[in-house]
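Me: I would like to learn how to read a structure feature by feature. Could we take strands and sheets, then the empty spaces?

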Amino acid sequence: MATLALPRRGPFASTIVRHLTVAVVGGLVLLLLTSSVNAYRDFQIANVGYYVVAVAGLTVLTGLNGQISLGHGALMMVGAYTAALILDRDNPPPLVVVLVLCVVVTAVVGAIVGAAAARLRGPYLAGATLAFAVGLPGLTSHYAGTFGGDNGLSVFTSPPPASLGVDFPSERWQAWITLAAALVTLVLLANLASSRVGRSFRAVRDDEVSAELAGIHVARTQVLAFVVSAACAGLAGGLLAVVSGQATPGAFSVALSLAILAGAVLGGLGSLAGAVYGAVALVALPAISSNASERFDFGTDVKSNMPLLVYGALLVIVMLVAPQGLQGGVRRLAGLLRGRSPAQPARNESVTEVSVTEPEG
Amino acid sequence: MPDAGGMSLEVKDLVTSYGAIKALRGVSLNVPAGSITAVLGANGAGKSSLLRTLSGLVRPRSGSVLLDGKEIAGRAPEDVVQMGMSHVPEGRGVIAELTVDDNLRLGGLWRKDKADRGRALEEAYALFPPLDQRRKRLAMTLSGGERQMLALGRALVARPRVLLLDEPSLGLAPRITSQIMALVRRLCDETGLTVLLVEQNARSALSVADHGVVLNLGTVVASDDPAKLAADDNLRHAYLGF
């Protein structure tokens with residue numbers, strides 16, 4: 001959320017005030033936006049909302065802490081099934097409570113996965129989390145009685161409150177829910193990133209030995225990053241279940257895990273603003289590319305694979321043009337407009353003489 | 001900057017090996033609180049291995065390390081730091097991708113006293129004005145001398161009571177080396193910090209140390225007053241190279 005250059009003076013000197021200001025302004029803009037578009041657009045925006053939560057969570061893990069995860073789709077699935085099972089009861093608690101429970105349950109699962117992950121590095125970590133993503137959906141058919149097998153579970157949610165009017169579109173209501181969750185998540189993560197916890201995440205990412213010599217418990221930090229990230233995935237999964245009205249194993253395939261990672265990379269790893277761009281791209285790209293393939297009247301085989309092609313091509317192009325992701329590209333453009341290139345580190349005056357302060361007295 | 005003066009460090013019969021290769025073959029030494037002990041020796045003598053074992057980066061085979069009388073051999077590095085002993089590794093050990101400010105703050109992240117974390121940070125900036133002028137710069141853009149200051153500053157932000165310094169003079173101009181040595185001496189005199197200083201540059205290390213230890217092939221071959229070590233021709237030719 002560091003894209004908006006609010007002056008760091010007066011009331012904005014406090015990080016949390018700055019983040020909250022951005023979130024409130026963003027919320028108002030989104031309120032206007034969701035109220036002025038049709039139901040299908042609101043549905044898409046609702047999808048963007050939970051993708052933001054998931055991608056932001058992963059960008060903290062992979063971008064700030066340097067741990068890769070190909071298993072976030074499975075963590076979302078934990079959240080989604082938690083929501084489905086709770087909402088299926090006779091007297092379900094309010095939605096906020098359900099979503100908090102999704103976060104808690106998935107955070108616990110994340111702690112277990114994270115404890116294993118903290119022992120693994122690079123490709124081994126990728127492999128282990130991939131196995132988690134492949135394996136978990138299989139549990140639903142093994143315990144078909146509880147999880148409903150391949151057909152999954154239906155998720156019943158209450159309609160928009162009556163105070164909004166009888167013909168208030170439920171899509172808009174859902175968009176509000178996921179966007180509110182996304183804003184809360186972004187504010188919390190932005191504060192985390194600029195806190196001492198965020199600093200220890202980055203230190204562990206860049207140099208584990210230096211971090212432990214500075215008194216940081218490396219494994220504990222890595223598990224904490226995984227828990228935070230999993231909590232976000234759980235919330236995203238719960239929201240996905242609410243928006244789609246169901247929780248099915250097919251929705252949480254490896255493709256979802258890869259899509260979230262692609263969103264984080266596309267937006268710019270480690271950047272929360274980038275997570276927003278990435279999430280928008282995850283929803284917009286398939287829509288745009290399938291529209292395009294309709295127009296050109298390709299055969300069904302081509303049509304169904306078109307989004308994948310566009311997606312892959314875009315990923316390659318972005319990585320070539322802006323290796324730091326969209327947010328990195330935005331930052332570079334802003335730097336060019338201001339007349340200097342941030343690609344080069346600030347000018348290093350040649351320091352041949354350094355003065356350590358002379359002994360006093 | 002250390003708050004409560006130095007702690008004593010006692011090492012007894014420390015043995016460390018990397019696989020079949022023995023790096024330390026029973027090293028014993030004694031660093032009284034508030035003094036500087038220089039550890040000298042040629043490449044491969046075991047100097048860095050000694051510090052790495054003391055700080056917990058390497059687990060010893062056997063032997064004992066007493067920090068203020070408490071056994072710490074085999075403890076994890078972060079525990080050792082939190083007990084009061086900080087290690088500034090060879091080759092600086094700053095995090096190149098982080099800013100000067102982030103690197104310095106890193107040293108105090110584990111400490112709970114927020115107000116004192118801020119104080120220690122400002123004290124480090126006061127100690128190293130070049131860092132103060134470059135707070136937002138990435139560590140990778142610093143010169144060698146500035147990086148050494150940053151590494152030292154980061155260790156001091158933890159308010160250590162024992163400091164393990166590994167080759168602070170490595171790759172630095174003689175002038176800067178002597179400034180850093182003078183600073184270490186001053187910290188020791190003013191705050192009672194205990195320092196174990198590993199150096200190849202024997203002459204400059206002995207000029208500030210209270211005591212000198214010479215290592216060769218993982219064993220202590222001499223332990224004496226710095227002036228006596230510097231005056232011993234055999235020792236100088238065989239191990240110290242000046």
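The dialogue below goes through a sheet in chain B, then a pocket and the cavities.

Reply: Keep in mind that this is a predicted model.

Me: Start with the sheet. In what order do the strands of the open sheet in chain B lie?

Reply: The order is read across the sheet, from neighbour to neighbour. In chain B, six strands form an open sheet in the order β6-β7-β8-β3-β9-β10, and the pairing is mixed. From one strand to the next, the twist averages 15°.

Me: Which strands stand at the edges?

Reply: In chain B these are β6 and β10 (219-224). Each has a single partner strand, so one side of each is left without a neighbour in the sheet.

Me: How do I read the pairing of two strands, say β6 and β7 of chain B?

Reply: Look at the bridges and at the direction. Strand β6 (residues 85-88) of chain B is joined to β7(B) by four bridges, and the two run parallel. One of the partners in β7(B) is B:Leu165, which is bridged to B:Val88. On to β8 (residues 194-198) of chain B: five bridges join this strand to β7(B), again in parallel. Here B:Val162 has B:Thr194 in β8(B) as its bridge partner.

Me: And further along the sheet, how many bridges join β3 and β9 of chain B?

Reply: Four bridges join strand β3 (residues 36-40) to strand β9 (residues 211-216), both of chain B, and they run parallel. B:Ala38 is found opposite B:Gly212 of β9(B).

Me: What links β7 and β8 of chain B along the chain?

Reply: Helix α7 (residues 174-191) of chain B does: with β7(B) and β8(B) it makes a β-α-β unit, and this unit is right-handed.

Me: Where do the side chains of a strand go?

Reply: In a regular strand, side chains alternate between the two faces of the sheet. In β7(B), B:Val162, B:Leu164 and B:Asp166 point one way, while B:Leu163 and B:Leu165 point the other way.

Me: Are the residues of β7(B) buried or exposed?

Reply: Five of the five residues of β7(B), which spans residues 162-166, are buried. Buried is a matter of a cut-off: under 20% relative accessible area.

Me: Now the spaces. What lines the second largest pocket?

Reply: For a pocket, ask about volume, then lining, then character. This one holds about 630 Å³ of space. Its lining has 26 residues, and A:Tyr51, A:Leu256, A:Ala259, A:Leu282 and A:Pro286 lie nearest the centre. Helix α2(A) gives the most to this lining, with six residues. By class, the lining of the second largest pocket has 19 nonpolar, seven polar and no charged residues.

Me: How many cavities of 30 Å³ or more does the structure hold?

Reply: Two. In the largest cavity there is about 80 Å³ of space. Of the 13 residues in its lining, those closest to the centre are A:Leu213, A:Ala214, B:His87, B:Arg154 and B:Ala155. The lining of the largest cavity divides into nine nonpolar, three polar and one charged.

Me: What lines the second largest cavity?

Reply: Its volume is about 30 Å³. The lining of the second largest cavity consists of A:Arg199, A:Arg202, B:Leu98, B:Asp102 and B:Leu106. By class, there are two nonpolar, no polar and three charged residues in this lining.

Note on methods. Residues are numbered from 1 along each chain as its sequence is written. Chains are lettered from A and ligands numbered from 1 in the order in which they are written. This is a predicted model: local features need pLDDT of at least 70, side-chain atom pairs count only at pLDDT 80 or more; totals for chains, interfaces and linings use all residues. Side-chain values use heavy atoms; hydrogens and water are left out. Buried means under 20% relative accessible area, exposed over 50%, partly exposed in between (1.4 Å probe, protein chains only). Two strands pair if DSSP finds at least two bridges between them. A crossover is right-handed if, with the strands pointing away from the viewer, the path from the first strand over the helix to the second runs clockwise. On a 1 Å grid over the protein atoms alone, a cavity is a set of points where a 1.4 Å probe fits but cannot get out, and a pocket is an open set with protein on both sides within 12 Å along at least five of seven lines; lining residues have an atom within 4 Å of a point. Grid points are joined across faces, edges and corners, and a volume is the space filled by probe spheres set on the points. Ala, Val, Leu, Ile, Met, Phe, Trp, Tyr, Cys and Pro count as nonpolar, Asp, Glu, Lys and Arg as charged, and the others, Gly among them, as polar. Axes are lines fitted to C-alpha atoms, for helices over the stretch in contact, and angles run from 0 to 180 degrees between N-to-C directions.
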